[in-house]
Amino acid sequence: MKIAHPDVDFDRLREIGWSHWDPIGLLGVTGGWKGEPYEDEYDRYLYNAAQMLKNNCSVAEVADYLFLVQSQNMQIGPQEITDTIRAKLIGVAQAISDDKHIWKNFET
């Protein structure tokens, strides 16, 4: 689902999402996301995660959000977070947090 937020560089956000997260596992089937009809599959969740970080939520809170997305919204994987899953999702959230160019009007 395409969402319009002119303040966000979705290519950068997607690069993080597809390389660090991909809970459905689409890359394993197709090998790439750019130009594919599903390239925006995770936009809503990644945007929410980025927005949470911008609003000073912790990386751990964003990891918990991403876990809820995949376990409840997508109904993928276990219903309880494991240390391995938590570590992966913290990595996703940290990658989003570290990329200051996701927000087009970011001021340092």
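1. Is R12 buried, partly exposed or exposed? In this predicted model, R12 has a relative accessibility of 33%. Because the partly exposed class lies between the limits of 20% and 50%, R12 counts as partly exposed.

2. R12 takes part in a salt bridge with D99, and the closest N and O atoms of the two residues are 3.1 Å apart. This pair joins distant parts of the chain: R12 belongs to helix α1 (residues 10–20), D99 lies in the segment after α5 (83–98), and 87 residues separate them. D99 has a relative accessibility of 15% and therefore counts as buried, whereas R12, at 33%, counts as partly exposed.

3. The structure holds 4 salt bridges in total. One of them is formed by the side chains of D43 and R14, with an N to O distance of 2.6 Å. Here too distant parts of the chain are linked, since D43 is in helix α3 (residues 43–54) and R14 is in helix α1, 29 residues apart. Both D43 and R14 are buried.

4. R14 and D43 also belong to a network of salt bridges in which E39 is the further member. A reader inspecting the D43 and R14 pair should accordingly view E39 together with these two residues.

5. A salt bridge also connects R86 and D64, whose closest N and O atoms are 2.9 Å apart. R86 is located in helix α5 and D64 in helix α4 (residues 59–73); the two are 22 residues apart and link distant parts of the chain. R86, with a relative accessibility of 28%, counts as partly exposed. D64, with 32%, counts as partly exposed as well.

6. The packing of helices α1 and α5 deserves a separate point. Their axes are 10 Å apart and form an angle of about 165 degrees. Because angles over 145 degrees count as roughly antiparallel, α1 and α5 are described as roughly antiparallel to each other. The crossing of these two helices is right-handed.

7. Which residues make the contact between α1 and α5? On the α1 side they are L13, I16 and H20, and on the α5 side K88, V92, A95 and I96. By class, the residues of this contact comprise 5 nonpolar, 1 polar and 1 charged.

Conventions
Residues numbered from 1 in each chain as written. Predicted model: local features only at pLDDT ≥ 70, side-chain atom pairs only at ≥ 80, totals over all residues. Heavy atoms only, no water. Helix = DSSP H or I, 4+ residues; strand = E, 2+ residues; numbered from the N terminus. Buried < 20%, exposed > 50% of the residue type's maximum accessible area, 1.4 Å probe, protein only. Axes fitted to C-alpha atoms, helices over the stretch in contact; angles between N-to-C directions. Parallel < 35°, antiparallel > 145°, perpendicular 65-115°, else oblique. Left-handed = near helix turned anticlockwise from the far one by under 90°. Contact = heavy atoms within 4.5 Å. Nonpolar A, V, L, I, M, F, W, Y, C, P; charged D, E, K, R; others polar.
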